[in-house]
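Work through the exercises below with the sequence and the structure side by side. Each task is followed by a solution in steps.

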Amino acid sequence: MKQTILVTGGTGFIGSHTAVEVIEAGYEVVIIDDLSNSKLEVLDGIEQITGTRPAFEKVDLRDKTATENVFKKYPKIEGIIHFAASKAVGESVQKPLLYYRNNIVSLINLLELMPKYNVKGFIFSSSCTVYGQPKPENLPVTEEAPHQKATSPYGNTKEINEQIIYDYIHSGADIKSIVLRYFNPIGAHPSALIGELPNGVPANLIPFVTQTAMGIRKELTIFGNDYNTPDGTCIRDYIYVVDLAKAHVAAMRRVLDEKTDRIEYFNIGTGHGNTTKEIVETFEEATGVKVNWKYGPRREGDIEKIWGDCTKANNVLGWKAETPLKDVLASAWKWQKKLREDGIM
């Protein structure tokens with residue numbers, strides 16, 4: 001019997017790529033999404049890649065009754081990969097209560113329902129934002145690095161949710177969890193059948209780069225060029241979304257099939273950082289397309305520099321980010337061109 005995995009936010013950017021990897025690893029997949037920041041057509045892409053159309057339920061996880069109905073309908077769910085959340089740093093500064101309600105209530109509802117429906121494994125989509133701005137001596141950050149105060153309500157919801165999961169397991173709840181703290185996911189599936197599809201103006205760097213290269217956006221603004229970095233722009237650890245998706249499969253296997261601690265934490269990144277300017281220049285090298293960009297003022301909530309030490313994930317999960325940055329950025333451009341061909345943008 002195939003094990004059934006529930007993927008919340010499974011039509012989103014990371015969720016859809018993870019659904020593909022989970023299906024290809026031999027699991028049955030049920031997707032929950034309220035489609036507030038994704039499109040139903042993503043299911044077509046997942047089906048074209050894998051040959052399997054995952055079950056889908058349009059549900060807002062803040063609605064506990066509707067969420068419980070999913071567990072009643074699919075009684076064989078054994079594990080959950082929880083992506084569903086509001087995720088734009090800038091928007092969270094403007095609308096903090098939306099972020100606290102959406103990101104925290106949905107988690108609590110899922111955790112409460114798990115023991116009732118005998119769901120054992122929980123993989124939580126966390127973020128390097130829980131480390132805040134690490135002190136220089138803590139770079140690259142390990143899982144043991146002290147957590148600094150979150151620089152945005154979005155980051156704070158990740159920190160709060162990690163604490164909720166820990167407290168729930170510590171209270172004796174019969175579940176196991178792996179918390180994946182990932183860095184900056186970018187790129188698109190090599191088939192160009194799924195990728196990042198933001199509603200409206202992109203909040204993330206790569207869609208803004210590809211849309212500017214395509215002429216959809218007039219110019220890209222790099223926020224801040226006076227940071228304490230080699231070229232003055234922020235440093236991030238950019239990880240290929242397909243590599244990231246594979247980490248969830250490794251984590252789910254571990255949480256369901258191995259004897260482990262009831263809660264574990266892993267950094268999921270490449271282990272090194274690139275500046276924003278380097279990303280734009282590498283994109284231009286990888287694609288031969290020039291990007292119209294300028295410097296702008298710093299943006300509230302942005303961290304100066306962060307990249308991860310991912311040795312623990314490499315050794316314990318047997319997982320590693322392997323795709324070269326040029327290939328990752330080329331995949332994002334291939335996806336943007338496919339969107340243009342399809343008349344989407």
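**Exercise 1: Glu21 and its surroundings**

Task: List the residues in contact with Glu21, leaving aside neighbours within four places in sequence, and decide whether Glu21 has a salt bridge or none.

Solution. The model is a predicted one. With those neighbours left aside, Glu21 touches Val242, Ala245, Lys246 and Val249. Glu21 itself belongs to helix H1 and is buried. The nearest side chain of opposite charge is that of Lys246, 4.6 Å away. A salt bridge requires a Lys or Arg side-chain nitrogen within 4 Å of a carboxyl oxygen. Glu21 has no salt bridge.

**Exercise 2: Helix H1**

Task: Check the span of H1 (residues 13-24) against the value expected at 1.5 Å a residue, then state how many of its residues are buried.

Solution. For 12 residues the expected span is 16 Å, and the end C-alpha atoms lie 17 Å apart, so the two agree. Of the 12 residues, 11 are buried, so the rest of the structure largely encloses H1. Among them are Phe13, His17, Val20 and Ile23. After the helix comes Gly26, with a positive phi near 100°.

**Exercise 3: Nonpolar cores**

Task: Find which helix gives the most residues to the largest nonpolar core, and list the contacts of Leu220, leaving aside neighbours within four places in sequence.

Solution. The largest core has 58 residues, and Leu220 is one of those with the most contacts inside it. Helix H8 (residues 241-257) gives the most, with 9 residues. Beyond its sequence neighbours, Leu220 contacts Leu205, Phe208, Val209, Thr212, Val280, Val291, Asn292, Trp293 and Lys294. A second, separate core has 25 residues, including Leu111 and Tyr117.

Terms used: Residues are numbered from 1 along each chain as its sequence is written. This is a predicted model: local features need pLDDT of at least 70, side-chain atom pairs count only at pLDDT 80 or more; totals for chains, interfaces and linings use all residues. Side-chain values use heavy atoms; hydrogens and water are left out. Helices (H or I, at least four residues) and strands (E, at least two) are DSSP runs, numbered from the N terminus. The expected span of a helix is 1.5 Å times one less than its number of residues. Buried means under 20% relative accessible area, exposed over 50%, partly exposed in between (1.4 Å probe, protein chains only). A nonpolar core is a set of buried Ala, Val, Leu, Ile, Met, Phe, Trp, Tyr and Cys residues joined through side-chain atoms within 4.5 Å. Contact means heavy atoms within 4.5 Å. Lys and Arg count as positive and Asp and Glu as negative; His and the chain ends are not counted.
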